[in-house]
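User: I have a structure on my screen and would like to know what stands behind the labels. Could you take me through them?

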Amino acid sequence: MQLFDRFTKWRAAHSAAAPRALSTDTAGQGQLLASLLAMAWFVEARDPYTGGHLWRVSRYAQMMAEALDLAPAHVARIGLGGFLHDLGKIGVPDAVLRKPDRLTEEEYAVIKTHPSMGARMLAGHPLAELVLDAVRLHHERPDGKGYPLGLSGSDIPQMARIIGVCDAFDAMTSHRPYRSGMPLEKALAIIRSESGTQFDAQSADALIRLGERGALQHVMGHSADGIPLQQCPACGPTLVLSRRSASGQLLYCRNCGTEFKLTASADGLQAAPTGSVGRPADLTPELDSDLIQETVAFAVAQLPTDLIGNFDGANPRAA
């Protein structure tokens, strides 16, 4: 059974139960992973337009790694890399990260510092080697025109090549203030046209094949498995629900501050504007601890103890 399917079944089996602590043998590993994932999640929470981006990139990357027949432990590691790839954006000022328009050349230069910033943030972390390639190199390109190092071809690690395609695909299919998200077919056409130049050809082909057989739609436009983004009338599909969201709960657009109330419907929870605007305290990001816990517990279950404690990146099919 494929890893993504195993995750879906694993989550379904555990979601109804109260959160459980990791076993004694894996508690330390889980805490280390959680420390990384929580940092990454708070970076995403600062950007009102990319709700669920880290989860989606992680899931796309896992499915692509499966399609490329990589070992389960390496697939899980690539999934973690997808969740953590934008870690360095914690150093990008809000004025740039949250800008509701296209960036100037100077602002884009600031954005381009985030891979190196992320690598510096990982320095000294016991699990840095698990995800360093994803954090530092996901904007490298096969034609050598990427950043921060200008690597080309096979000099770019496979994890970074996979996540680079997934990151771009999610950016194309997600809503922005200055444009709507592209339909699947258009995004795949762009990936195909840039295969071998902007995108690694093998990774691009894997994503295209997944898209053509309808394997990406359950991730597109979602912030977690089975949880679609909700629509803000002013800002688009930017409202993020969690597994603990319930009917009657208030929800706020982190961009414009509009207040919504969740109501139950035949199609699940729906967000309806209340006519009010949230206070600053209402707009403070909250950690989705359930999503972090699920991701950590599943990764620990897939990654052997010796792989987590002493990862050898030279053999991606190990374990």
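User: Why is the pair Cys-235 and Cys-256 not called a disulfide?

Analyst: The closest cysteine sulfur to that of Cys-235 is in Cys-256, 3.7 Å away. A disulfide is a pair of cysteine sulfur atoms within 2.5 Å, so 3.7 Å is too far for a bond. For Cys-256, the closest cysteine sulfur is in Cys-232, at 3.7 Å, again too far for a bond. The search of the whole structure finds zero disulfides.

User: What kind of model is this, and how are residues numbered?

Analyst: It is a predicted model, where local features need pLDDT of at least 70 and side-chain atom pairs count only at pLDDT 80 or more, while totals for chains, interfaces and linings use all residues. Numbering runs from 1 along each chain as its sequence is written, and side-chain values use heavy atoms, leaving out hydrogens and water.

User: What makes Cys-235 buried or exposed?

Analyst: Its relative accessibility is 7%. Buried means under 20% relative accessible area, exposed over 50%, and partly exposed in between (1.4 Å probe, protein chains only). Cys-235 therefore counts as buried, whereas Cys-256, at 30%, counts as partly exposed. Across the 319 residues of the protein, 49% count as buried.

User: How do you know that Lys-99 and Glu-107 form a salt bridge?

Analyst: The N to O distance between their side chains is 2.7 Å. The definition asks for a side-chain nitrogen of Lys or Arg within 4 Å of a carboxyl oxygen of Asp or Glu, so the pair qualifies. Glu-107 counts as buried at 19%, and Lys-99 is partly exposed at 22%. The whole structure has eight salt bridges.

User: Which salt bridge lies in helix α11?

Analyst: That is Arg-209 with Asp-205, at 2.9 Å from N to O. Both residues lie in α11, four residues apart, about one turn of the helix. An α-helix has 3.6 residues a turn, so residues three or four places apart point the same way. Arg-209, at 36%, and Asp-205, at 38%, are partly exposed. As for the name α11, helices (H or I, at least four residues) and strands (E, at least two) are DSSP runs numbered from the N terminus. The protein has 13 helices and seven strands.

User: Why can we say that the buried residues of α10 line one face?

Analyst: In α10 (residues 184-193), the buried residues are Leu-184, Ala-187, Leu-188 and Ile-191. Down the helix axis they fall within an arc of 100 degrees, so they line one face; the arc is that of the directions from the axis to the C-beta atoms. Glu-185 and Ser-193 are exposed on the other side. The cover over the buried residues includes α9 (158-173) and α11 (201-212).

User: What makes a set of residues a nonpolar core?

Analyst: The residues must be buried Ala, Val, Leu, Ile, Met, Phe, Trp, Tyr or Cys, joined through side-chain atoms within 4.5 Å. The largest such core has 47 residues, and Ile-191 is among those that touch the most other members, as are Tyr-60 and Phe-169. α9 gives the most to this core, with eight residues. Contact means heavy atoms within 4.5 Å, and Ile-191 touches residues including Val-165, Met-172 and Phe-199, not counting those up to four places away in sequence.
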